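Colleague: I'd like a close look at one part of this protein: the packed interior. Could you walk me through it?

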Amino acid sequence: MNIATLDIIVPCYNEEDVFLHCLSELQMILTSLIDRRIISHHSSITFIDDGSKDKTWSLISQASLQSSLIKGIKLSCNRGHQIALLAGLNESDADITISIDADLQDDTAVIEKMVSGYMEGYDIVYGVRNDRKTDSGFKRLTAEFFYKIMSWMGVKQIPNHADYRLLSRRALDALLEYKEQNLYIRGLVPLVGFKSKKVFYARAARLAGESKYPLKKMLGLAMEGITSLTVTPLRTIAALGFSISFISVFAALYALFEKFSGNTVEGWTSVMIAIFFLGGVQMLSLGIIGEYVGKIYMETKERPKYFIEEKVALCEQPNQEQQS
């Protein structure tokens, strides 16, 4: 049968400090797989520059001139990790793709296990962390809470899995059928279906540079995931409104009973607390509804997700590859 082509997709944003290490390690792994005829010699590593402000694109361009294994895509401006990843996936014509972050905190040794999973007949192979020792206590706690919340809301998401995964051609084609503007790829992939498996690894500390997902961006991604994949928050608002109304009826009946019994209901503080509580609930509810309305607004515009400014690749000479 034909040997499958592999494309390793690597989104980059201001990664000049780690790029050469990332390039060297991924090249070594890809070359090893090619030499052992596990994958085709037409396989490649595609770096997507997401509007970097440092020398990342210059390094990608230089690497592409030195090896036919390296391809580069430069987006016209910074569009965020999820859209940069989507751009790389959308431009790939390989049989299988593996996405990984440029910091290589994800264990690259798992790449061969992912390819083995594909050969066993799996269309999707998830890279899943089996420990979070490199994370702070706060990050571990919030991550566990987030996965529980997502599960409670009915979102099909793989716990402790980010964007380190293998997709077969048909799984990727199916994923690209999702056209929404508000992207949360790690929540969309399980919706694709197809046969999948998990491979586990321990995540390393970042070699250099700084994380591209500080607390603010992580909260934004979490909100994106919740509002893009479930309407449970809207239903929770409805349930909360019903509960408060139900309690209010009993409170009114109690106040009437006390009045007719000759007892004056006093308590300015309790009244003000109730007013502020209900006001807070209303503002929170309006904010959640507004988030959904805003997403509808952006979806109806159907704006392009990204523009490609430049592509680089060194064309190799035709070579007859043996079949196995």
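Modeller: Here is the walk-through, starting with how far to trust the coordinates.

This is a predicted model, so local features need pLDDT of at least 70 and side-chain atom pairs count only at pLDDT 80 or more, while totals for chains, interfaces and linings use all residues. Residues are numbered from 1 along each chain as its sequence is written, and side-chain values use heavy atoms, with hydrogens and water left out.

The average pLDDT (the predictor's confidence in each residue, from 0 to 100) is 78 for the protein, and 72% of the residues score at least 70. One stretch to treat with care is residues 317-324, where pLDDT stays under 50 and the model has 13 contacts (heavy atoms within 4.5 Å) beyond four places in sequence. Where pLDDT is low, the predicted coordinates should not be read in detail.

Now the interior. A nonpolar core here is a set of buried Ala, Val, Leu, Ile, Met, Phe, Trp, Tyr and Cys residues joined through side-chain atoms within 4.5 Å; buried means under 20% relative accessible area, exposed over 50%, and partly exposed in between, with a 1.4 Å probe and protein chains only. The largest core has 37 residues, and Leu6, Ile8, Val10, Leu26 and Phe47 touch the most other members. At least two residues of this core come from each of β1 (6-12), α1 (16-35), β2, α2 (56-66), β4 (96-99), α4 (110-119) and β7 (196-201). Helices (H or I, at least four residues) and strands (E, at least two) are DSSP runs, numbered from the N terminus. α1 gives this core its largest share, 8 residues. A separate core of 25 residues lies apart from it, with Ala84, Ala171, Leu183 and Tyr306 among its members.

Two residues give a feel for the packing. Skipping residues up to four places away in sequence, Val10 touches Cys22, Leu26, Ile45, Thr46, Phe47, Ile48, Ile100, Asp101 and Ala102. Ile48, in strand β2 (residues 44-49), is buried with a relative accessible area of 0%. Its contacts, neighbours within four places aside, are Ile9, Val10, Pro11, Cys12, Ile73, Leu75, Ala84 and Gly88. Cys12 is 36 residues away in sequence, yet the C-alpha to C-alpha distance to Ile48 is 5.7 Å.

Next, helix α7 (residues 185-192): 7 of its 8 residues are buried, so it is largely enclosed by the rest of the structure. The buried ones are Ile185, Arg186, Gly187, Leu188, Val189, Pro190 and Val192. After α7 comes Gly193, with a positive phi near 85°. Phe194, in the loop between α7 and β7, also has a positive phi, near 65°, and is not a glycine. Most residues other than glycine have a negative phi, and most peptide bonds are trans. Phe194 counts as partly exposed, at 35% relative accessibility.

Is there any void in there, and what lines it? The rule gives 1 cavity of 30 Å³ or more, and the largest cavity has a volume of about 30 Å³. Leu86, Leu175, Tyr178, Leu183, Ile185 and Leu188 line it. On a 1 Å grid over the protein atoms alone, a cavity is a set of points where a 1.4 Å probe fits but cannot get out, and lining residues have an atom within 4 Å of a point. Grid points are joined across faces, edges and corners, and a volume is the space filled by probe spheres set on the points. By class the lining has 6 nonpolar, no polar and no charged residues, where Ala, Val, Leu, Ile, Met, Phe, Trp, Tyr, Cys and Pro count as nonpolar, Asp, Glu, Lys and Arg as charged, and the others, Gly among them, as polar.

Note on methods
1 Å grid on protein atoms, 1.4 Å probe; cavity = no way out; pocket = protein on both sides within 12 Å on 5 of 7 lines; lining within 4 Å.
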